[in-house]
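Me: I'm new to reading protein models, and I'd like a close look at one small part of this one. Could you start there and then work outwards?

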Amino acid sequence: MIETNLENLLAELPSDVKLVAVSKYHPIQDILTAYQAGQRRFAESRPQEFEAKAVQLPQDIEWHFIGHLQTNKLKMVLPFAYMVQSVDSERLLSAIDRWACGNGRKVRVLLELHVAAEESKQGFTEEEVLDILFRAESYRGIIFCGLMGMATNTDDMDTVAADFGRIRAYFDYLKDLFQELDEFRELSIGMSSDWKTALESGSTMVRIGTAIFGERVPVLRPLIQDSI
């Protein structure tokens, strides 16, 4: 099923759109099945699960972190992360920068832009993103790669499209304003329920879990395998 789901998704995705397989709560064997089918880009949202999987699975996996990240959990994530998509506060951004500088690293990040109706969702306002990028040079350990966002949690696809359109418009504005940020080119919008709408809004990266792996299990099965 996983192989077929991946094949069907890739057949519909434009070649220049990156597929990030969201593997949170799914066992290592499922990730290996996707890996053996050719998928190399995976995402997790919980630091402990992220670390456990990263140390056991093949080293050529491109790991993305997409959940809320507490500053005291950076050591579980940053040594393995190709990109942290969910940078949602200046406090977190500064902590990542300090870790990166202290470890001789550069960390790729996406700034999470909040446009959804739910106040509970994390993220920056447009003004906060603008202020950070005006000071981009002060973050010596950070590579600003673009924006990440989520639409309002609704079945009304017109609302979803409007949210994605707002994120896309701001992304385009920032790319034009900060042309010196060479790697600021990723727009990570779209999940299993709304990725087709996200593509219409110019997404360069979609985060898809359920449509690949099926529904998440309520209790995480053991992460550690005898062998992989």
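Leaving aside its neighbours within four places in sequence, which residues is Cys101 in contact with?

Reply: Once the neighbours within four places in sequence are set aside, Cys101 is in contact with Arg140 and Gly141; contact here means heavy atoms within 4.5 Å. Before going on, keep in mind that this is a predicted model, where local features need pLDDT of at least 70 and side-chain atom pairs count only at pLDDT 80 or more, while totals for chains, interfaces and linings use all residues. Residues are numbered from 1 along each chain as its sequence is written, and side-chain values use heavy atoms, with hydrogens and water left out.

So where is Cys101 sitting? Look for helix α5, residues 90-102, and you'll find Cys101 in it. Helices (H or I, at least four residues) and strands (E, at least two) are DSSP runs, numbered from the N terminus. Cys101 has a relative accessible area of 44%, which makes it partly exposed. The cut-offs are these: buried means under 20% relative accessible area, exposed means over 50%, and partly exposed lies in between, using a 1.4 Å probe and protein chains only. For a sense of distance, try Glu44: it is 57 residues from Cys101 along the chain, and their C-alpha atoms are separated by 24 Å.

Now let's move to the strands. Strand β5 covers residues 107-113, and 6 of its 7 residues are buried, so the rest of the structure largely encloses it. β5 pairs with strand β4 (residues 81-87) in the parallel sense, over 3 bridges; two strands pair if DSSP finds at least two bridges between them. One bridge to look for links Val87 with its partner Leu111 in β5. β5 is also joined to β6 by 7 bridges, and these two run parallel as well. There, Leu113 stands opposite Gly149 in β6.

Strand β6 (residues 142-149) is mostly covered, with 8 of its 8 residues buried. β6 pairs in turn with strand β7 (residues 186-188), again in the parallel sense and over 3 bridges. You can spot this pairing where Gly146 stands opposite Glu186 in β7. If you want to trace the whole run on screen, go from β4 to β5, from β5 to β6 and from β6 to β7.

Next, the helices. α3 (residues 47-56) is mostly covered, as 7 of its 10 residues are buried. Phe50, Ala52 and Ala54 are among them, but so are Glu49 and Lys53. The buried residues of α3 pack against α2 (28-36), β2 (41-44), β3 (62-65), α4 (74-77) and β4, and that last one is the strand that pairs with β5.

α2 tells a similar story: 7 of its 9 residues are buried, so the rest of the structure largely encloses it. The buried ones include Ile28, Ile31 and Leu32, along with Asp30. Their cover includes α1 (2-12), β2, α3, β3 and α9 (210-213).

There are two backbone angles to check around here. Most residues other than glycine have a negative phi. Tyr25, though, has a phi near 70°, a positive value in a residue other than glycine. Tyr25 is found in the loop between β1 (18-22) and α2, and at 22% relative accessibility it counts as partly exposed. Just after α2 comes Gly38, with a positive phi of about 110°.

One more residue before we zoom out: Thr197, in helix α8 (residues 195-200). Thr197 counts as buried because its relative accessibility is 13%. Not counting residues up to four places away in sequence, Thr197 touches Met157, Val160, Ala161 and Phe164.

Finally, the whole chain. The count comes to 9 helices and 8 strands, and buried residues make up 51% of the 228 residues. Of the contacts with a separation of 6 or more, 60% come from residues 24 or more positions apart. A compact globule with 228 residues would have a radius of gyration near 17 Å, and the chain has 17 Å, which agrees; this radius is taken over C-alpha atoms, and the globule rule is 2.2 Å times the number of residues to the power 0.38. Along its principal axes, the C-alpha trace spans about 50 × 45 × 30 Å.
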